Amino acid sequence: MSALGSNIAKASRFLERFRAEPLGHFIAGRRERGSSRDLIDNLSPVDGQVINQVVSGDEQDVHAAAVAAESAFPAWRAMTGEARRALLHKVAEAIEARREEIALIECMDTGQALRFMSGAALRAAENFRFFADRAPRASDGLALPATEHMNYTVRQPIGPVAVITPWNTPFMLSTWKIAPALAAGCTVVHKPAEWSPLTAMLLVEIMTEAGIPPGVVNVINGVGERTGKLLTEHPAIRATAFIGESKTGSLIMSQGAPTLKRVHLELGGKNPVVVFDDADLDRALNAVIFMIYSLNGERCTSASRLLVQRSIYKAFIERVAERVVRLKVGHPLDPATEVGPLIHSRHLDKVLSYFRIAQEEGAQIRVGGCRVESLKPGIYVEPTLFVGATNSMRVAREEIFGPVLTAIPFDDEAEALRIANATPYGLTAYVWTADAGRALRMAHRVDAGMVWVNSENNRHLPAPFGGMKASGIGRDGGDYSFDFYMETKNICMAFGTHCVPKLGA
């Protein structure tokens with residue numbers, strides 16, 4: 001049997017457990033069908049077939065999950081950081097033990113290629129280990145002495161939090177939010193995206209088997225516009241951590257406003273990669289291709305705008321085009337596949353619409369620009385390169401979220417910076433140049449929360465992750481995560497020597 005055939009057979013066995021009955025919720029330590037009768041067909045992008053049905057949670061289901069998190073919070077908060085660290089390390093070990101199951105299910109549920117998802121569980125385990133080791137000192141603060149008083153700060157967990165995650169790499173991104181919340185002492189209600197719900201149930205089962213107490217992590221499935229809204233509005237939830245579209249992020253802010261919820265929003269991007277003529281063009285080429293066509297282009301940090309200095313524009317674009325044509329599109333469980341199917345037919349329609357928009361605006365489709373007919377009913381689209389574009393075009397301003405790259409020439413550093421910043425978004429930017437001074441100037445002046453110089457996206461877990469403008473609010477990573485999941489409290493104690501003001505004496 002071929003590697004693809006073997007992987008398909010194993011994936012089918014792993015998916016069988018989800019087919020017996022509709023996938024409900026996980027509340028207070030156990031699987032629950034819930035009270036809602038509304039069901040969602042969970043379709044595989046590989047062939048458009050129904051993998052299973054999912055219950056879309058109603059008000060009663062959401063309330064039960066929120067109350068479970070609220071009830072579990074005092075004991076979890078009171079647990080020592082050392083005890084939480086030990087439990088989170090057990091979770092990491094359990095994730096690694098089931099890494100093949102996680103990867104194969106995720107590929108079939110999302111369409112992501114196995115070459116990328118095979119490491120997703122290892123990254124998820126590392127997220128748990130990283131924040132586990134910070135749990136014992138999560139509450140630490142600062143000593144701030146004054147002349148006749150001693151001020152010191154402590155941090156305490158904010159309470160039950162909602163974690164709402166996207167459909168593109170759901171397992172890893174879920175751990176990126178849940179692990180620091182648990183390390184901080186918060187309890188969680190997790191709502192995964194309705195288009196990729198399966199590995200969220202795997203994760204909560206793994207955590208429960210590893211010893212996380214009932215109610216500390218709960219999962220509620222459902223449609224964002226209904227189930228998600230009920231969750232972000234629930235008074236027991238003190239904060240919402242969300243990854244997804246900018247428009248949805250603004251709705252979440254408004255939904256949490258009546259209860260004054262704290263929000264952490266990791267939103268969209270139209271990220272520039274700027275290639276100057278003095279760059280190492282071989283390395284830049286590799287990074288350009290990787291940062292837009294990996295993960296099917298369905299990633300917030302994708303470098304979807306390619307800005308190339310005019311003196312090398314034509315030659316560099318030819319090299320990009322040659323590589324794009326050779327990208328291997330196919331079944332996500334084929335080890336040779338580099339680009340798999342898009343997540344859903346609705347998303348396919350969105351991506352395909354930009355091929356028409358590009359031509360209407362005057363851009364040219366240099367490579368791709370069509371659905372892959374030979375792979376129907378799978379939801380596959382050709383890796384695509386737009387040329388002849390300007391930054392005013394919609395294909396250069398709007399987040400397509402697919403394997404689609406828009407190339408734009410520039411003359412000098414000033415124009416590159418102007419084009420890079422002429423977007424509502426500000427998540428990431430990538431700069432390729434051999435001039436250290438120019439690299440620093442660009443990095444400091446570009447409107448982006450993260451800038452990589454002479455590198456693709458390379459995550460360092462202690463470093464802050466987040467964007468500016470329409471790309472979000474807040475930062476993940478290292479101690480920055482605890483700034484969101486914890487409240488900082490100042491305590492002031494007098495030495496007993498200062499003069500206390502007197503009134504009515």
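Which residues have the most contacts inside the largest nonpolar core? In this predicted model, they are I95, F128, L182, M207, V275, L306 and L385, and the core to which they belong has 106 residues. A second, separate core has 31 residues, including L342, F386, A396 and I419. In soluble globular proteins, nonpolar side chains tend to be buried together.

V275, one of the residues with the most contacts inside the largest core, illustrates the packing. Leaving out residues up to four places away in sequence, V275 touches L281, A284, V288, L306, L307, V308, Q309, I312, F316, F410 and W432. L306, one of these partners, is itself among the residues with the most contacts in the core.

The overall dimensions were examined next. The protein has 505 residues and a radius of gyration of 24 Å; a compact globule with this number of residues would have a value near 23 Å, so the two agree. Along the principal axes, the C-alpha atoms fill a box of roughly 85 × 60 × 40 Å. The protein contains 17 helices and 22 strands. Of contacts between residues at least 6 apart in sequence, 75% join residues at least 24 apart.

Burial and surface were also computed. Of the 505 residues, 56% count as buried. The exposed area of the protein is about 20,000 Å², of which carbon and sulfur atoms supply 54%. There are 55 positive and 55 negative charges, and their mean positions lie 2 Å apart.

Helix α15, residues 413-421, provides an example of an enclosed element. Seven of its nine residues are buried, and the helix is therefore largely enclosed by the rest of the structure. The buried residues are E413, E415, A416, L417, I419, A420 and N421. They pack against strands β12 (272-275), β13 (305-309), β16 (404-410) and β20 (468-469), and against helix α16 (436-445). I419, one of the buried residues of α15, is also part of the second core.

A residue of another helix was examined in the same way. Y480 lies in helix α17, which spans residues 478-485. The relative accessible area of Y480 is 38%, and because buried means under 20% and exposed over 50%, Y480 is partly exposed. Apart from neighbours within four places in sequence, Y480 is in contact with P462, P464 and R475. Of these partners, P464 is 16 residues from Y480 in sequence, and the C-alpha atoms of the two residues are 6.3 Å apart in space.

Methods
Residues numbered from 1 in each chain as written. Predicted model: local features only at pLDDT ≥ 70, side-chain atom pairs only at ≥ 80, totals over all residues. Heavy atoms only, no water. Helix = DSSP H or I, 4+ residues; strand = E, 2+ residues; numbered from the N terminus. Rg over C-alpha atoms; globule rule 2.2 N^0.38 Å. Buried < 20%, exposed > 50% of the residue type's maximum accessible area, 1.4 Å probe, protein only. Contact = heavy atoms within 4.5 Å. Areas by Shrake-Rupley, 256 points an atom, 1.4 Å probe, with all protein chains shown as cover. Lys, Arg positive; Asp, Glu negative; His and termini not counted. Charge placed at Lys NZ, Arg CZ, Asp CG, Glu CD. Core = buried A, V, L, I, M, F, W, Y, C linked by side-chain atoms within 4.5 Å.
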